[in-house]
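Student: I would like to learn how to read a structure like this one, beginning with its strands and ending with the place where two chains meet. Could you take me through it step by step?

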Amino acid sequence: MLTSRFSLISLLGLLLLCSGCAAKSDSLYQQLGSHNGVSQITDSFLQNLAKDPLIAHHFEQTDIHVFRQRLIEHLCVVSGGDCVYKGESMFDSHVGLHISQADFDAVVGHLIDALKQQHIPIATRNALLAKLAPMYQDITYH
Amino acid sequence: MQLLLKNSLIILLFVSSLALTAQAGTSKLIATGGATTIEGAAGGGIVPWAVINGYASSDQWSTTVMYSQVGVDDFSLSSASMGLSFGNRFEISYAKQAFDLDTIGGQLGQDIIGIKYKIVGELLYSRLPQMSVGVQYKQLDDFALPQAVGAKEDWGIDIYLAGSKVFFDAIAGRNLVTNLTLRATKANQTGLLGFGSAQSSDYQIMAEVSVALLLLDNLAIGYEYKQKPDNLNFAEEQDWQDVFIGWFINKHVSVVGAYVDLGSIAGLGRQQGWYLSVEGTL
């Protein structure tokens with residue numbers, strides 16, 4: 001019983017490793033679909049944010065076209081693409097906005113949904129989240 | 001103590017109903033509230049994690065109800081619990097356990113009231129693990145059998161410190177949840193066989209670990225290990241372990257199944273079997 005349990009887990013592990021290794025040679029930016037992919041992810045993400053009353057009010061004073069462009073640049077830079085981010089730092093751009101943990105959690109959820117809507121594989125999604133999650137400190141509660 | 005227990009339950013029910021009418025929040029990501037342990041705290045099946053139950057984030061409420069059943073060779077344990085959380089910071093829980101001694105005959109049971117408070121860190125967002133402290137007050141239904149086998153008290157308090165951390169993209173692109181809990185306890189078989197004994201009535205620090213790999217956003221496989229004291233002379237008490245699969249169907253319903261190894265209980269060796277729990281969250 002014990003042996004069959006552990007061989008099942010090893011098999012699962014091997015399967016996972018093999019499904020993961022195929023995509024590793026590309027940069028994260030390429031895995032997200034480069035410029036077109038990141039633009040589409042950004043558009044899905046903005047649509048999801050607009051539908052959420054908890055979040056939408058934060059954007060009342062925002063020029064969405066400029067915001068969209070900065071977001072595309074930011075995702076490009078974060079994922080290792082050859083872009084220049086022309087916006088303010090994460091800290092400066094969120095000062096005075098009073099972003100709570102609930103806001104941040106909801107936004108992360110909308111980003112995950114946008115990545116799923118654009119059929120980004122789970123390993124790529126998690127790799128991007130690994131790079132974005134630590135920004136929590138710069139974005140919330142100030 | 002019985003009165004305190006009843007009052008606490010009434011307060012819990014009252015606050016839960018308030019929470020239900022005041023629109024529970026669900027901002028947290030799926031699976032980040034964990035499952036519910038057989039003792040009522042959020043965690044795996046047997047190890048409490050630093051996570052706060054339900055899906056409430058800051059300034060939101062959440063309530064959780066759970067029913068679980070464990071069936072091993074000579075015993076079965078059912079556990080029903082309800083929990084309430086606020087702000088992804090506080091968790092209060094109540095669990096009622098019934099332990100059937102299928103081979104020996106008879107039934108034991110206990111009530112567990114738990115409180116957990118998140119001290120520091122964030123499960124997903126900070127380098128520092130999320131750290132929580134918890135207290136569990138446990139009261140046995142009937143002390144006759146535990147007393148006969150050498151237990152000293154029919155109630156006890158466990159205090160634990162838990163750390164939990166998610167590592168994104170950890171193994172084959174999947175997120176890994178890791179947990180370490182240190183528990184100060186006098187409980188014999190988690191309290192079902194009473195607390196302490198004539199030989200050993202001091203608190204002991206026990207380590208509990210749990211790891212889970214999220215194969216999908218809402219599907220986890222994992223392993224848990226729970227170290228336990230060995231206070232009673234009449235029979236050796238061993239550590240517990242299990243291998244589990246957790247399916248978080250949506251933010252309102254989750255199911256956990258496990259293969260459990262509870263070691264020797266009350267002199268009956270190799271207690272292995274299954275565990276199933278169903279959970280509802282608002």
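**Reading strands and an interface**

Tutor: Let us begin with a pair of strands in this predicted model: strand S15 (residues 253-261) of chain B pairs with S16(B) in the antiparallel sense, and nine bridges join them. One place to look is B:Val256, whose bridge partner in S16(B) is B:Ser277.

Student: Which strand besides S15 is joined to strand S16 (residues 272-281) of chain B, and in what direction do the two run?

Tutor: Strand S3 (residues 61-72) of chain B is joined to S16 by nine bridges, and these two strands run antiparallel. Here you can look for B:Gly71, which stands opposite B:Trp274 in S16(B). While you follow such strands, keep in mind that in a regular strand the side chains alternate between the two faces of the sheet.

Student: How many helices and strands does chain B have, and what does its radius of gyration tell me?

Tutor: The secondary structure of chain B comes to two helices and 16 strands. A compact globule with 282 residues would have a radius of gyration near 19 Å, and because chain B has 18 Å, its value agrees with that expectation. Along its principal axes, the C-alpha trace of chain B spans about 50 × 45 × 30 Å.

Student: How should I read the interface, and what area do chain B and chain A bury between them?

Tutor: The size of an interface is often given as the accessible area lost when the parts come together. In this model, chain B and chain A bury about 2300 Å² between them, with 62% of it on carbon and sulfur atoms. On the side of chain B, the residues that lose the most area to chain A are B:Tyr125, B:Phe168 and B:Asp217, which together make up 27% of what that side buries. Counted by residues, 25 of chain B are in contact with 31 of chain A.

Student: How many salt bridges and polar contacts does the rule find across this interface?

Tutor: The rule finds two salt bridges across the interface of chain B and chain A, and it also finds ten residue pairs in polar contact there. A:Arg125 forms a salt bridge with B:Asp217, where the closest N and O atoms are 2.7 Å apart.

Student: Which element gives the most residues to the side of chain B that touches chain A?

Tutor: S12(B) gives the most, with three residues. The residues on that side of chain B divide into eleven nonpolar, eight polar and six charged.

How values were computed. Residues are numbered from 1 along each chain as its sequence is written. Chains are lettered from A and ligands numbered from 1 in the order in which they are written. This is a predicted model: local features need pLDDT of at least 70, side-chain atom pairs count only at pLDDT 80 or more; totals for chains, interfaces and linings use all residues. Side-chain values use heavy atoms; hydrogens and water are left out. Contact means heavy atoms within 4.5 Å. Buried area is the accessible area (1.4 Å probe) that two parts lose on being put together, summed over both. A salt bridge is a side-chain nitrogen of Lys or Arg within 4 Å of a carboxyl oxygen of Asp or Glu. A polar contact is a pair of N or O atoms within 3.5 Å; within protein, one must be able to donate a hydrogen and the other to accept it, and residues adjacent in sequence count only if both atoms are side-chain atoms. Helices (H or I, at least four residues) and strands (E, at least two) are DSSP runs, numbered from the N terminus. Ala, Val, Leu, Ile, Met, Phe, Trp, Tyr, Cys and Pro count as nonpolar, Asp, Glu, Lys and Arg as charged, and the others, Gly among them, as polar. Two strands pair if DSSP finds at least two bridges between them. The radius of gyration is taken over C-alpha atoms; the globule rule is 2.2 Å times the number of residues to the power 0.38.
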